[in-house]
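Good morning, everyone, and thank you for coming. Please have a look at the sequence and the structure on the screen, and then we will go through a few places together.

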2 protein chains.
Amino acid sequence: MSDDALEHSELTFLLGMAFQLLLAEFARRLNATGHADLRPVHGMTFQALRGPGATSSELAERLGVTKQAAGQIVDDLERRGYVERTPHPAGGRRKLVVLTGKAHEHLLAAGRTLHELEAQLTERLHEAGLHVPRAELAAIIRVLAGDDIPPLRPVW
Amino acid sequence: MSDDALEHSELTFLLGMAFQLLLAEFARRLNATGHADLRPVHGMTFQALRGPGATSSELAERLGVTKQAAGQIVDDLERRGYVERTPHPAGGRRKLVVLTGKAHEHLLAAGRTLHELEAQLTERLHEAGLHVPRAELAAIIRVLAGDDIPPLRPVW
DNA sequence: ACATCAAGTAAAGCGGCTTTACTAAGGAGA
DNA sequence: TCTCCTTAGTAAAGCCGCTTTACTTGATGT
């Protein structure tokens, strides 16, 4: 497939391909740093719980899954020492799910890896006289979703 | 989330979000035209079988799944009248899977829908003084995949 | 006290894929 | 020709990650 063929592909295809390749490369690099036991959904969970933490139900909403699914993810991460269920200040049945140090470490490593990858990509684009199409992608998202952006679904 | 916030998001996030939204809108419109019983993987199957058709194993390769999975997809589509298994000219156990008229109709409808959607999107971008970032996306794909582009995985 | 509501959990189901294991049909070499 | 290897296809089971259905538990308001 030549560059020419690629440029004449559907926008939808180009977006999907670029996304999947970028995500795969990110995962490859992250695994190489020793974090091989976590999938994208876990990384997104960490993002969603950063700072004050959240309840399972809040997590479910942020991830765009049922609260049962969120509960299962929390079960799994708790077993493996990435999160803890602590009593919720607001009381009730609520439990506040918070990140452990282990999760914070992972967040840091993931952030570093992603920024490095994107920086290298930016450089390659600049070498080719192209820019990173942030504004264009943001505009596409705006056009399609308006003001309430739904969760990015953590599919592979 | 403001435009500003969006533009400062990770490139990976922007790509994923744009892709998922575009695909969802495409599916929404296609369903509205009465083709509600097919998922992206089926559309990709139709693309892969267009023209002379292919064997299940070839289909598997083009979709990036096992040949058993491809066989199951073909079973399903055959039951619903979208494809047929015909004797393969090269003989052996091979069977040539070919599209029926019903599948060609769907391909046409899907093509029309997608082009219309992308054309509208292009117009909106132009109104905002932006272009469709084909070259940029193609370059990203090139950088990450080199010359052999793997199949776009049909995840939702 | 009682109804109601929200958070959480438990269990089963399910879709779509992989893994494992097998059958069927050539082709090549002794 | 007989056997071996290769390739296409199929069958069955397993599995992962999610949803659906149904329940329990605690707080709130009247």
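Let me begin with a question: is the crossing of α3(B) and α4(B) left-handed or right-handed? Before I answer, please keep in mind that what we are looking at is a predicted model. The answer is that α3(B) and α4(B) cross in a right-handed way.

To fill in that picture, helix α3 of chain B covers residues 40-49 and helix α4 of chain B covers residues 56-63, and the two pack at an angle of about 120° with their axes 10 Å apart. Since angles of 65 to 115 degrees count as roughly perpendicular and those over 145 as roughly antiparallel, this pair falls outside both ranges, and α3(B) is therefore oblique to α4(B). On the side of α3(B), the contact is made by Val41(B), Met44(B), Thr45(B), Ala48(B) and Leu49(B), while α4(B) contributes Leu59(B), Arg62(B) and Leu63(B). If we sort the residues of this contact by character, we find six nonpolar, one polar and one charged.

Staying in chain B, we come to Val65(B), which sits in the loop between α4 and α5. Val65(B) has a relative accessible area of 27%, so it counts as partly exposed. When neighbours within four places in sequence are left aside, Val65(B) is in contact with Ala60(B) and Ala70(B). Along the chain, Val65(B) and Arg153(B) are 88 residues apart, and yet their C-alpha atoms are separated by 8.8 Å.

A further residue to find is Glu78(B), which lies in helix α5 of chain B, residues 67-79. Glu78(B) is partly exposed, because its relative accessible area is 31%. Again leaving aside neighbours within four places in sequence, Glu78(B) contacts Val83(B), Glu84(B) and Arg85(B). From Glu78(B) to Leu99(B) there are 21 residues in sequence and 9.3 Å in space, taken from C-alpha to C-alpha.

Now, which residues of chain A does Gln20(B) touch? Gln20(B) is found in helix α2 of chain B, residues 11-32, and, not counting residues up to four places away in sequence, Gln20(B) touches Pro151(A), Leu152(A), Arg153(A) and Val155(A). With a relative accessibility of 12%, Gln20(B) counts as buried, because the cut-off for that word is under 20%.

That brings us over to chain A, where helix α2, residues 11-32, packs against helix α6, residues 101-127, at an angle of about 130°, and their axes are 10 Å apart. The two helices, α2(A) and α6(A), are therefore oblique to each other, and α2(A) passes α6(A) in a right-handed crossing. In this contact Leu22(A), Glu25(A), Phe26(A), Arg29(A) and Leu30(A) of α2(A) meet a set of residues in α6(A), among them His106(A), Ala109(A), Thr113(A), Leu117(A) and Gln120(A). The residues of the contact divide into eight nonpolar, three polar and three charged.

Finally, I would like to show you helix α7 of chain A, residues 134-145, which has 12 residues and reaches 16 Å from its first C-alpha to its last, close to the 16 Å expected at 1.5 Å a residue. Several residues of α7(A) are buried, including Glu136(A), Leu137(A), Ile140(A), Ile141(A), Arg142(A) and Ala145(A). After α7(A) comes Gly146(A), and the phi of Gly146(A) is positive, near 65°.

Notes:
Residues are numbered from 1 along each chain as its sequence is written. Chains are lettered from A and ligands numbered from 1 in the order in which they are written. This is a predicted model: local features need pLDDT of at least 70, side-chain atom pairs count only at pLDDT 80 or more; totals for chains, interfaces and linings use all residues. Side-chain values use heavy atoms; hydrogens and water are left out. Helices (H or I, at least four residues) and strands (E, at least two) are DSSP runs, numbered from the N terminus. The expected span of a helix is 1.5 Å times one less than its number of residues. Buried means under 20% relative accessible area, exposed over 50%, partly exposed in between (1.4 Å probe, protein chains only). Axes are lines fitted to C-alpha atoms, for helices over the stretch in contact, and angles run from 0 to 180 degrees between N-to-C directions. Angles under 35 degrees count as roughly parallel, over 145 as roughly antiparallel, 65 to 115 as roughly perpendicular and the rest as oblique. A crossing is left-handed if the near helix is turned anticlockwise from the far one by less than a right angle, and right-handed if clockwise. Contact means heavy atoms within 4.5 Å. Ala, Val, Leu, Ile, Met, Phe, Trp, Tyr, Cys and Pro count as nonpolar, Asp, Glu, Lys and Arg as charged, and the others, Gly among them, as polar.
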